[in-house]
Amino acid sequence: MPQTILITGGAGFIGAGLADALAAEGRDVLVYDALLRPGVEANLAWLKERHPARISAVTADVRDAARLVAAAAGATPACHRA
Ligand SMILES: NC(=O)c1ccc[n+]([C@@H]2O[C@H](COP(=O)([O-])OP(=O)(O)OC[C@H]3O[C@@H](n4cnc5c(N)ncnc54)[C@H](O)[C@@H]3O)[C@@H](O)[C@H]2O)c1
């Protein structure tokens with residue numbers, strides 16, 4: 001069973017493209033993004049629509065250590081784009 005890949009900034013331009021490619025390969029992807037840049041929520045909606053079984057999301061800031069540590073538990077490798 002493939003492990004979940006954590007992508008911080010996963011709703012952004014680079015992160016969403018990476019998440020889409022990995023999900024298309026059958027990988028589970030956890031998008032960790034504070035949705036700070038206007039419009040990126042549309043990227044996340046697009047990802048969930050394309051890969052409903054593969055994409056999960058946490059809306060939080062990377063500076064929130066507790067949330068980030070919790071999200072990273074069991075998710076590896078990680079890709080940092082935020
Ligand atoms: N249409 C286009 O060609 C296009 C569109 C967007 C960006 N770009 C280019 O892509 C490059 C940058 O892409 P990118 O993906 O690195 O940037 P991005 O802004 O698209 O993605 C960054 C993501 O990180 C998130 N984020 C920012 N701070 C955060 C924080 N503290 N905690 C959690 N999440 C946080 C944002 O909400 C965003 O979703 C630039 O060169 C830019 O010009 C091109």
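**View 1. Strands β1 and β2 run parallel and are joined by four bridges.** In this predicted model, β1 covers residues 4–8 and β2 covers residues 29–32. One pairing that can be followed residue by residue is that of I7, whose bridge partner in β2 is V31. Between the two strands the chain passes through helix α1, which spans residues 13–24, and the β-α-β crossover made in this way from β1 to β2 is right-handed. Strand β1 is also mostly covered, since four of its five residues are buried.

**View 2. The loop between α1 and β2 contains D28.** Is this residue buried or exposed? The relative accessible area of D28 is 15%, and because residues under 20% are counted as buried, D28 belongs to the buried class. The side chain of D28 is not without a partner, for it makes a polar contact with the side chain of R54, at 2.9 Å.

**View 3. Strands β2 and β3 pair in the parallel sense.** Four bridges link β2 to β3, the strand formed by residues 55–58, and within this pairing L30 has S56 of β3 as its bridge partner. On the way from β2 to β3 the chain goes through helix α2, made up of residues 40–50, and this β-α-β crossover is right-handed.

How values were computed
Residues numbered from 1 in each chain as written. Predicted model: local features only at pLDDT ≥ 70, side-chain atom pairs only at ≥ 80, totals over all residues. Heavy atoms only, no water. Buried < 20%, exposed > 50% of the residue type's maximum accessible area, 1.4 Å probe, protein only. Pairing = 2+ DSSP bridges. Right-handed = clockwise from strand over helix to strand, strands pointing away. Polar contact = N/O pair within 3.5 Å; in protein donor to acceptor, adjacent residues only side chain to side chain.
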